[in-house]
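Me: I'm new to this one and would like to go through it piece by piece. Could you keep the answers plain?

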Amino acid sequence: MKDIDSGQMKVKLYTERGTDILKGDALCTYIKIESVDLALKLLDGYIFRDKKISVEKAKFTMRGEKYDPSLKPKKKKRKDKEKIKKIQEKLFDWRPDKIIGGRGKHENVVIVKNLFEKETFDNDVSLLLEYQRDLREECSKCGIVKKVVVYDRHPEGVAQINFKEPDAADACVLLLNNRWFGQRKITAETWDGKTKYKVIETPEETEERLKKWETYLIATGSTEKNDAHESDSDSVKTKSGGESDDEMSSNNQTTNNENKDKSESN
């Protein structure tokens, strides 16, 4: 067991008073009382480095005539106790972080490049939705598509397709890689889990893009949200205290429904 303050293992080796000479005694602290009983059965009488060791439960008694209350260990705060409890729970949770032989979340994602020119959407923002729909329709032949993101400002003409299963992503790579799309030869590959394709735009570029999108909505009378466009929430989240893809999909669906209800009521 590790000490919460020092991070060191709670094993104490006793020395002769005022020296660094080891007495041959030690104190070992375990997390559970059952471990103490097990140590008594396994280690008492055990031969270690040609010496027979004796193991017994520790007994804490007052020694000496004077009692110094300053030497008494301070009671741990509630916050520290909760931290210790979480550490202990993690130690006893023997489930592996990743199933042996299992595939990573990033292998559910396919990156398509050379899909368009950067200027493609400058004059007609509705093409964003067309690209998204075409990709979704074509990629759905391989499996369940969770999300399609078009990085319209990326110089390499990048789109991202998120699948539910990695096998579907593999099939998509085989389907799209080196295929011709709108007189352009595109490439498809599994996402490496690290590369970010979002291009940061200036406030002026953001304002101009929103104006174009607003003009399109007014002209078509459409209330469709621009889900095809890249946004801060478009990046795939890896799990380390965050949401899973299924949770994200559920949350987004709830939010969209709420926005729809508000729109209808207005």
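Me: What do strand 1 and strand 2 form, and how many residues lie between them?
Reply: In this predicted model, strand 1 and strand 2 form a hairpin with 6 residues between them, and within that turn G18 has a positive phi of about 80°.

Me: How many bridges join strand 1 to strand 2?
Reply: There are 4 bridges joining strand 1, residues 11-15, to strand 2, residues 22-28, and the two strands run antiparallel. As one point of reference along the pairing, T15 stands opposite L22 in strand 2.

Me: Ok, and what do strand 6 and strand 7 form?
Reply: Strand 6 and strand 7 form a hairpin too, with 6 residues between them, and here G157 is the turn residue with a positive phi, of about 60°. The two strands run antiparallel and are joined by 6 bridges, and V148 stands opposite I161 in strand 7.

Me: Is strand 6 enclosed or open, and why?
Reply: Strand 6 is largely enclosed by the rest of the structure, because 6 of its 7 residues are buried.

Me: What about Q160, is that buried or exposed?
Reply: Q160, which has its place in strand 7, is buried, because its relative accessible area is 3% and the cut-off for buried is under 20%. The side chain of Q160 also makes a polar contact with the side chain of N162, at 3.1 Å.

Me: Back to the stretch between those strands: where is E156 found?
Reply: E156 is found in the loop between strand 6, residues 145-151, and strand 7, residues 158-163. With a relative accessible area of 42%, E156 is partly exposed.

Me: And which residues does E156 touch, leaving out those up to four places away in sequence?
Reply: Leaving out those sequence neighbours, E156 touches K113, N114 and L115. For K113, the separation along the chain is 43 residues, while the C-alpha atoms of E156 and K113 are separated by 6.0 Å.

Me: Different loop now: where does D192 lie?
Reply: D192 lies in the loop between strand 9, residues 184-190, and helix 5, residues 203-220. D192 counts as partly exposed, because its relative accessibility is 42% and that value falls between the cut-offs of 20% and 50%.

Me: What does the side chain of D192 make a polar contact with?
Reply: The side chain of D192 makes a polar contact with the side chain of T195, at 2.6 Å. Elsewhere along the chain, V109 is 83 residues apart from D192, and the C-alpha atoms of the two are separated by 8.8 Å.

Me: Let's change topic to the surface: which residues make the nonpolar patch?
Reply: The nonpolar surface patch is made by Y30, L38, L42, L43, Y46 and F48, and covers about 580 Å². Helix 1, residues 33-43, gives the most to the patch, with 3 residues. L38, which lies in helix 1, counts as partly exposed at 47% relative accessibility.

Me: Last thing, the chain as a whole: how many helices and strands does it have?
Reply: The chain has 6 helices and 9 strands, and of its 266 residues, 24% count as buried. The chain exposes about 20600 Å², of which carbon and sulfur atoms supply 51%.

Me: And what share of the contacts between residues at least 6 apart join residues at least 24 apart?
Reply: Among the contacts in the chain between residues at least 6 apart in sequence, the share joining residues at least 24 apart is 58%.

Definitions and conventions:
Residues are numbered from 1 along each chain as its sequence is written. This is a predicted model: local features need pLDDT of at least 70, side-chain atom pairs count only at pLDDT 80 or more; totals for chains, interfaces and linings use all residues. Side-chain values use heavy atoms; hydrogens and water are left out. Buried means under 20% relative accessible area, exposed over 50%, partly exposed in between (1.4 Å probe, protein chains only). Contact means heavy atoms within 4.5 Å. Two strands pair if DSSP finds at least two bridges between them. Patches are made of residues with over 30% relative accessible area and no salt bridge: like charges are joined within 9 Å, nonpolar side chains (Val, Leu, Ile, Met, Phe, Trp, Tyr) within 5 Å. Accessible areas come from the Shrake-Rupley method with a 1.4 Å probe; for residues, only the protein chains shown count as cover. A salt bridge is a side-chain nitrogen of Lys or Arg within 4 Å of a carboxyl oxygen of Asp or Glu. A polar contact is a pair of N or O atoms within 3.5 Å; within protein, one must be able to donate a hydrogen and the other to accept it, and residues adjacent in sequence count only if both atoms are side-chain atoms.
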